[in-house]
There are 2 protein chains.
Amino acid sequence: MGITIQEASRTSGLSAHTLRYYERIGLIHPVDRSVSGHRVYTGPDLDWLVFLTRLRSTGMPIADMCRYAELRRQGPETSAERRRILAAHRERVRERIARLTEDLGVLDMKIEMYDTREHT
Amino acid sequence: MGITIQEASRTSGLSAHTLRYYERIGLIHPVDRSVSGHRVYTGPDLDWLVFLTRLRSTGMPIADMCRYAELRRQGPETSAERRRILAAHRERVRERIARLTEDLGVLDMKIEMYDTREHT
DNA sequence: GGTTGACTTCGAGCGCGCTCGAAGGAGCAT
DNA sequence: ATGCTCCTTCGAGCGCGCTCGAAGTCAACC
């Protein structure tokens, strides 16, 4: 019941070093330990890691993720605040996508110019 | 004919420090100087800066931009290679957008869970 | 002539997010 | 018992992309 840090690393895509780092900075709560002091990751731990990597890959700063993690530990009465954080982040992601899409268009044009030999 | 570094900074959105840094690392060719040794930016310089900021905002590493800049300085015979670089970068931008869009969907779902109080 | 202010070069420093290595402990195989 | 492997903590280091500050030059204005 529960997996080692190496297995958690494989399934989450984060290095063991990074998993310990995340725990150290409070991004994940102190993970259970085996009798020998080794970390034991459970299903909910992995779910949380997956969600964290989503937030990271969408560019949420570690500090914001820590804030969110802390609120989560404080219980259900912080859910409105957590929702607010996610909604604000969602807005930033939307803007990011819009910006990237626009830049992609420019890139397309530039490449087209190379194809028609009109480039500088 | 030509503008100062402060004006170039305003129009490009890059700080004067950053403009000098870009020149230092070869991202922009040595800019013309006035009699007193001050940088004088011209139209083509600004166009190039605008394009560079597009590449940056789409996440191209500085090193790749330097490579592209160097090829550009080498003349028209490098245009095939430059096209290749841009096309490869475009592909990465497309993947980035796809990934962000997917993550956005997950974010939407998560926020919806907060709204229906089914969240954990 | 003196002051102001924008410019110059150069090298050091910073913030972020890891990433790594040293030093040591526990469990298992031979 | 001797390795071997995987884990532990701790603190230092790194790569990227700037960012800043010191010290000096020069032009323009009062």
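These exercises work through two protein chains and two DNA strands in a predicted model.

Residues are numbered from 1 along each chain as its sequence is written, chains are lettered from A and ligands numbered from 1 in the order in which they are written. Because the model is predicted, local features need pLDDT of at least 70 and side-chain atom pairs count only at pLDDT 80 or more, while totals for chains, interfaces and linings use all residues.

**Exercise 1. Describe the surface near DNA strand C.**

Step 1: find the residues. A residue is near a strand if its C-beta atom, placed from the backbone, lies within 6 Å of it. 18 residues surround DNA strand C. A:I62, B:T4, B:Q6, B:H38 and B:R39 come nearest.

Step 2: assign elements. Helices are DSSP runs (H or I, at least four residues), numbered from the N terminus. Two or more residues each come from α2 (16-24) and α4 (62-74) of chain A, and from α1 (5-12) and α2 (16-24) of chain B. The largest share, three residues, belongs to α2(A).

Step 3: sort by class. Ala, Val, Leu, Ile, Met, Phe, Trp, Tyr, Cys and Pro count as nonpolar; Asp, Glu, Lys and Arg as charged; the others, Gly among them, as polar. The split is seven nonpolar, eight polar and three charged.

**Exercise 2. Repeat the analysis for DNA strand D.**

Step 1: the closest of its 18 residues are A:T4, A:Q6, A:H38, A:R39 and B:I62.

Step 2: α1 (5-12) and α2 of chain A, with α2 and α4 (62-74) of chain B, supply at least two residues each. α2(B) gives the most, three residues.

Step 3: the classes come to seven nonpolar, eight polar and three charged.

**Exercise 3. Characterise helix α5 of chain B.**

Step 1: check the span. Helix α5(B), residues 79-115, has 37 residues and reaches 53 Å from first C-alpha to last. That is close to the expected 54 Å, taken as 1.5 Å times one less than the number of residues.

Step 2: list the buried residues (20 or more other C-beta atoms within 10 Å of the residue's own, C-beta atoms placed from the backbone). They are B:R82, B:L86, B:H89, B:L100, B:D103 and B:L107.

Step 3: look at the cover. It includes α3 (43-57) and α5 (79-115) of chain A, together with α4 of chain B.

Step 4: look past the end. Just after α5(B), B:R117 takes a positive phi of about 60°.

**Exercise 4. Relate chain A to chain B.**

Step 1: superpose by least squares on the C-alpha atoms of residues with pLDDT of at least 70 in both copies. A rotation of 180° with 0.0 Å of shift along its axis does it, at RMSD 0.1 Å.

Step 2: interpret. The two copies are therefore related as by a two-fold rotation axis.

Step 3: locate the axis. In chain A, the C-alpha of A:I97 is nearest, 3.0 Å away.

How values were computed. A residue is buried if 20 or more other C-beta atoms lie within 10 Å of its own, exposed if 12 or fewer, and partly exposed in between; C-beta atoms are placed from the backbone. Two residues are in contact if their C-beta atoms, placed from the backbone, lie within 7 Å.
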